[in-house]
Amino acid sequence: MKADISANTFREDRPREAVIFGQGQVLRDADLNEQSAIDRHRVRATAAALIGASGTPTNSPGFGVTVAPNGSDLLLSEGEMWIDGIRLINDSPWYPCIVRSPTVVEVTAPVEAFPQDFTVGSWVRVRAGDGAGATVSTTTVMTISAGTVTLADAPEGMPAVGGVIGIRAVRSYQAQPYLKVDNPFIAGNPGHLDTGAYVVVLDAWERHVTGLEDPTMRDVALGDVDTATRLESVWSLWLAPIGPVGTQSCALPINPAVGVLSASTASPETGQGPCVLPDDAGYRGLENQLYRVEVHHASDSSVVLKWQRDNASTASRVTALGTTLTLANMGRDAASGFATAPFIELTDDAHEFEGRPGDMLSVSSTESNTLTVTTAPSITVLSANVRARRWDGIITIDLTDTDVSAPRALERGLQVALTPGRLSPGDYWTIPARTASSTGGGGIDWPLNVDNSPVSLPPEGIRHHRAALASVDTDGSTFLDAGKPARDCRQYFSTLTEVKPSRGLCTALADPGPGWEKVFQKLLMEGGLVCLPAGEYPVSDSVVVEGTGHLTVRGAGWSSRIVGPGENLLTFKGFASVTVEDFMAESRGPTSFRGPRPIGLVGTLGFDQCATVKVRNVHLTCPRSTQRSAACLRTSGGTVHVSGSTMLVGDRQVGLLLVDAEQTLVTGNVIRPAGSATVKGIGDMTLDIAHRIKSMAIRDLSSGKTGNNRVSATVGAGTWSFETYPEFIPEFTAALKDKYADIKELHRDLQVLATAPMVKRPRFSVPLFTTWARDLLARNPTVVGQAVVVARSARNDSAVGDVVVCDNIIRGAVQGIHIGASYAGQPRYGRQLMLKSVKVEHNEIDVLIPSTGARGRHAIFVGNAHRVLVTGNHATYETKIPGDIFATDGIRVFGYIGPHMHLRENVLEGFPTGIRMVLLGQLPKSRLWRAEDTVLTNLPASHSTIVSEGPLSKNVHYRGNQPGPQDR
């Protein structure tokens with residue numbers, strides 16, 4: 001900080017708690033500033049100890065990175081972030097607006113009140129409605145004039161003309177509050193981005209603010225004199241390359257060792273003759289000074305230092321530019337002001353926030369409030385707070401010199417020595433110089449080694465504090481994955497108001513790192529509370545925890561991470577109750593099981609025969625696999641409650657698999673695909689995808705069959721053929737052998753042929769087939785196979801359950817919600833197995849069919865239940881298969897249904913079939929079967945609104961469906 005202070009006496013390596021004032025003692029500005037620094041250091045150290053190196057609160061996380069809808073920018077979510085105990089805020093005010101048309105609003109606040117980045121082309125958020133029902137959309141400003149704003153798109157939920165909405169500016173990579181970044185995809189612009197992956201770095205530091213930077217700090221009642229200055233925490237974003245596209249890393253760049261500087265006083269000169277008295281050693285100035293030595297420029301070959309004897313506190317606003325500069329004031333007196341300045345630095349806010357040095361100009365003359373400089377400055381426009389600062393000297397150090405670390409004289413016996421290292425413009429040291437010292441002469445306040453040599457110290461500032469926010473990909477022209485959240489690197493922490501009193505009473509505390517699972521050995525069979533502090537908890541084999549009591553496993557938010565290479569990380573067995581909450585678990589590949597592999601799918605978290613299971617606020621990831629084998633969460637038996645959690649599901653795998661639960665409640669969760677479905681080689685191909693490619697291009701393999709579009713091969717004494725696309729016939733005919741010994745040999749060749757697009761096969765040259773298959777896979781997105789599965793089997797006849805699935809968000813799933821009871825191959829007991837009641841309401845479901853196809857498609861499925869209520873759900877449908885003709889239902893009800901079935905107020909978009917009901921069994925004597933008030937939109941050319949099949953189909957009543965069958 002460039003304040004006019006006597007000294008900066010605070011040192012982090014000195015464990016001081018307070019400054020004590022005694023009677024009759026002199027109170028210095030340095031004492032007050034040291035007390036302030038002690039308090040600030042303690043507060044930050046406490047916050048860092050509680051939060052960690054960085055973190056954002058789980059209840060309102062801030063600084064989340066989302067790729068802009070057009071891929072041109074990175075948008076930041078509002079909220080706060082803590083780095084090394086420093087609180088950073090990303091926020092902008094909401095401005096009330098009156099709607100004039102779907103895209104035009106009138107801001108009721110004065111135009112001059114708008115933030116600086118609320119301009120044409122800037123991103124804004126628009127809030128329509130209030131409370132829980134409010135919708136928030138993101139768009140850009142097309143025009144703004146006299147408070148009338150034209151938006152690029154009509155926001156979601158926009159009220160009618162005359163209604164009121166809110167609008168706020170969105171902080172982004174190119175529109176930061178303290179730093180403006182030019183388009184990084186234009187060659188020649190600073191920070192130009194090439195194709196690859198980048199980590200988004202949040203950089204925070206302290207900025208010294210005076211009346212120059214903030215004129216409101218001056219007190220008009222005192223004649224606009226300067227008051228005490230301030231420190232504020234500011235931040236910026238920058239991108240660091242981490243590898244090719246798709247690289248997932250949150251590692252910050254490793255900086256080389258920092259440069260250091262030592263200060264000392266020169267020894268007296270000798271040998272000038274008998275009539276010349278030698279200078280005294282030490283500081284020879286006539287006044288006490290606080291020298292500031294600051295880096296002006298640093299490169300691999302040289303470092304330029306500038307120095308000033310009053311901590312560079314003499315500064316003024318510039319009112320006219322050119323070789324003759326006009327200043328607002330010339331300083332407090334002639335000796336320390338601009339009248340005797342040998343050098344000035346001309347700078348502005350843009351240079352400061354970008355970390356660039358200003359123009360260092362030599363002063364040739366001064367007159368009144370003007371300075372004449374020897375060269376014209378590069379700053380030519382009076383904007384962004386242009387200001388001049390006095391400097392008393394410049395030292396240029398050639399880093400190629402062999403004597404690079406030799407002392408360099410400043411003035412009056414003071415000298416400095418620099419040891420090269422990483423340095424940046426703005427790095428500084430302060431040297432208190434005093435006319436009298438304990439030794440009798442002048443000296444400086446600088447620490448000494450045991451041999452009385454000066455200690456080499458790193459810069460006092462500017463201290464930067466950094467954290468990784470996310471990693472993103474770019475193709476050199478835009479950011480990839482437009483409109484989607486970037487790969488998150490933030491750490492999360494729970495606020496104290498979220499922590500219940502019992503949370504501090506841990507039965508066992510785990511230590512992050514290998515072997516952490518031994519913490520469960522400290523528990524009795526009765527269970528207890530296991531706490532997972534922030535950190536990483538690696539798992540090599542599946543961990544099985546067994547007990548009979550009540551167990552709670554609680555983390556410190558998503559900064560507590562359980563990771564491992566297997567499909568199953570943790571399984572709990574036999575407990576009366578298990579509660580897991582506030583942590584992250586990520587499985588990354590097939591599990592290594594101790595003993596035989598369990599039958600059926602395994603989950604990242606598993607629960608077997610636990611009477612009560614509660615899963616709250618966890619983040620689970622399950623991997624893609626060569627077969628349908630993994631779920632994020634799997635339970636068997638008991639009462640299950642899953643809420644407020646996020647599931648990242650591997651390609652075609654399962655989010656929640658809940659089997660034989662007595663009662664099930666799934667609410668407030670987010671389930672979406674994880675990772676990429678791009679196939680780079682045969683090792684990445686799932687068996688399902690390989691089979692689908694073969695089945696699409698090699699169809700109807702049979703003996704003796706002839707016809708068009710068929711390829712034939714001799715097998716033994718007969719002929720076999722298969723159907724394919726006409727353009728592949730010449731390639732397939734040339735690739736296959738003339739004769740095969742048996743059908744097994746032909747099957748092997750066809751399997752190899754199907755994988756030829758992925759693996760180079762010298763005998764199988766099939767360029768057209770290769771191009772077709774690779775294009776198919778390139779359009780093949782990652783999908784969730786089944787998001788929520790609640791299954792009832794015959795293995796435990798007593799557990800006939802009630803199911804509630806509500807308020808969940810499901811993205812990119814082949815099957816959204818699948819609920820049913822079935823004997824599933826088990827012996828029947830003379831009656832139909834059915835669920836008691838099923839309620840599915842207020843869910844958001846996106847059904848997505850990949851280019852390689854999928855079976856059993858639907859948003860919601862209910863099978864075999866006494867009571868069914870499906871209401872208030874919103875489902876959409878998208879297929880990547882051109883001309884897709886396979887059945888996909890918005891809502892499907894199948895099998896034996898009891899006296900009550902009510903399907904109402906659902907919105908289904910784009911489904912070939914809106915509602916399909918296949919009703920079996922005997923007709924209940926008293927019943928209420930209704931399908932009503934369903935809205936079907938974006939219907940394909942060939943569609944069915946509501947289909948009712950089976951012997952009982954005529955007993956369903958319709959009312960108010962749009963479009964739909966006639967009411968009955």
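## Close-up views of the predicted model

**View 1. A nonpolar patch near the start of helix α1.** Leu 27 lies in the segment before α1 (29–51). The model is predicted. Leu 27 joins Phe 21 and Leu 32 in a nonpolar patch on the surface. Together the three residues have about 300 Å² of accessible area.

**View 2. A salt bridge within helix α1.** Asp 39 and Arg 42 meet through their side chains, at 3.4 Å from N to O. Both residues belong to helix α1 and stand three residues apart, so about one helical turn separates them. Asp 39 is partly exposed, with a relative accessible area of 33%. Arg 42 is also partly exposed, with a relative accessible area of 33%. The structure has 46 salt bridges.

**View 3. A buried salt bridge and its network.** Asp 349 forms a salt bridge with Arg 387. Their closest N and O atoms are 2.9 Å apart. Asp 349 is in helix α2 and Arg 387 in strand β22 (residues 387–391), so the bridge ties together parts 38 residues apart in sequence. Both residues are buried. They also belong to a network of salt bridges. Its other members are Arg 207, Glu 213, Glu 232 and Glu 352.

**View 4. A salt bridge between two strands.** Arg 634 pairs with Asp 608 in a salt bridge, the closest N and O atoms being 2.9 Å apart. Strand β43 (residues 630–636) holds Arg 634 and strand β40 (residues 602–608) holds Asp 608, so the pair ties together parts 26 residues apart in sequence. Both Arg 634 and Asp 608 are buried.

**View 5. A tilted ring pair.** The structure holds 14 aromatic pairs. In one of them, the rings of Tyr 178 and Phe 353 have centres 5.5 Å apart. Their planes meet at 45°, so the pair counts as tilted. Tyr 178 lies in the loop between β11 (164–169) and β12 (196–209), while Phe 353 lies in helix α2 (residues 349–354). The pair therefore ties together parts that are 175 residues apart in sequence. Tyr 178 is partly exposed at 26% relative accessibility. Phe 353 is buried, with a relative accessible area of 10%.

**View 6. An edge-to-face ring pair.** The ring centres of Tyr 492 and Trp 558 are 5.2 Å apart. Their planes stand at 65°, so this pair is edge-to-face. Tyr 492 sits in strand β30 (residues 492–493). Trp 558 sits in the loop between β35 (550–555) and β36 (560–564). The pair links distant parts of the chain, 66 residues apart. Both residues are buried.

**View 7. A cluster of rings.** Ring pairs join five side chains into a cluster: Trp 516, Phe 520, Tyr 537, Phe 572 and Phe 607.

**View 8. Charges over rings.** The charged end of Arg 127 sits over the ring of Trp 94, 4.3 Å from its centre. Arg 292 lies over the face of Tyr 428, at 3.9 Å from the ring centre.

**View 9. The disulfide of Cys 250 and Cys 489.** The structure has two disulfides. In this one, the sulfur atoms are 2.0 Å apart. The link is left-handed, with -80° about the S-S bond. Cys 250 lies in the loop between β13 (230–243) and β14 (260–265). Cys 489 lies in the loop between β29 (487–488) and β30. The two cysteines are 239 residues apart. Cys 250 is partly exposed, with a relative accessible area of 39%. Cys 489 is buried at 7% relative accessibility.

**View 10. The disulfide of Cys 506 and Cys 531.** The S to S distance is 1.9 Å. This link is left-handed, with -90° about the S-S bond. Cys 506 lies in the loop between β30 and β31 (508–509), and Cys 531 in strand β32 (residues 527–532). They are 25 residues apart. Cys 506 is partly exposed at 30% relative accessibility. Cys 531 is buried at 8% relative accessibility. Numbered in sequence order, the bonded cysteines pair 1-2, 3-4.

**View 11. Cysteines without a bond between them.** The sulfur of Cys 632 has its closest cysteine sulfur in Cys 622, at 3.5 Å. That is too far for a bond, because a disulfide needs sulfur atoms within 2.5 Å. Cys 632 is buried, with a relative accessible area of 0%.

Key: Residues are numbered from 1 along each chain as its sequence is written. This is a predicted model: local features need pLDDT of at least 70, side-chain atom pairs count only at pLDDT 80 or more; totals for chains, interfaces and linings use all residues. Side-chain values use heavy atoms; hydrogens and water are left out. Rings of Phe, Tyr and Trp (its six-membered ring) pair if their centres lie within 6.5 Å; planes under 30 degrees apart count as stacked, over 60 as edge-to-face and the rest as tilted. Helices (H or I, at least four residues) and strands (E, at least two) are DSSP runs, numbered from the N terminus. Buried means under 20% relative accessible area, exposed over 50%, partly exposed in between (1.4 Å probe, protein chains only). A charge sits over a ring if NZ of Lys or CZ of Arg is within 6 Å of the ring centre and within 35 degrees of the ring normal. Patches are made of residues with over 30% relative accessible area and no salt bridge: like charges are joined within 9 Å, nonpolar side chains (Val, Leu, Ile, Met, Phe, Trp, Tyr) within 5 Å. Accessible areas come from the Shrake-Rupley method with a 1.4 Å probe; for residues, only the protein chains shown count as cover. A salt bridge is a side-chain nitrogen of Lys or Arg within 4 Å of a carboxyl oxygen of Asp or Glu.
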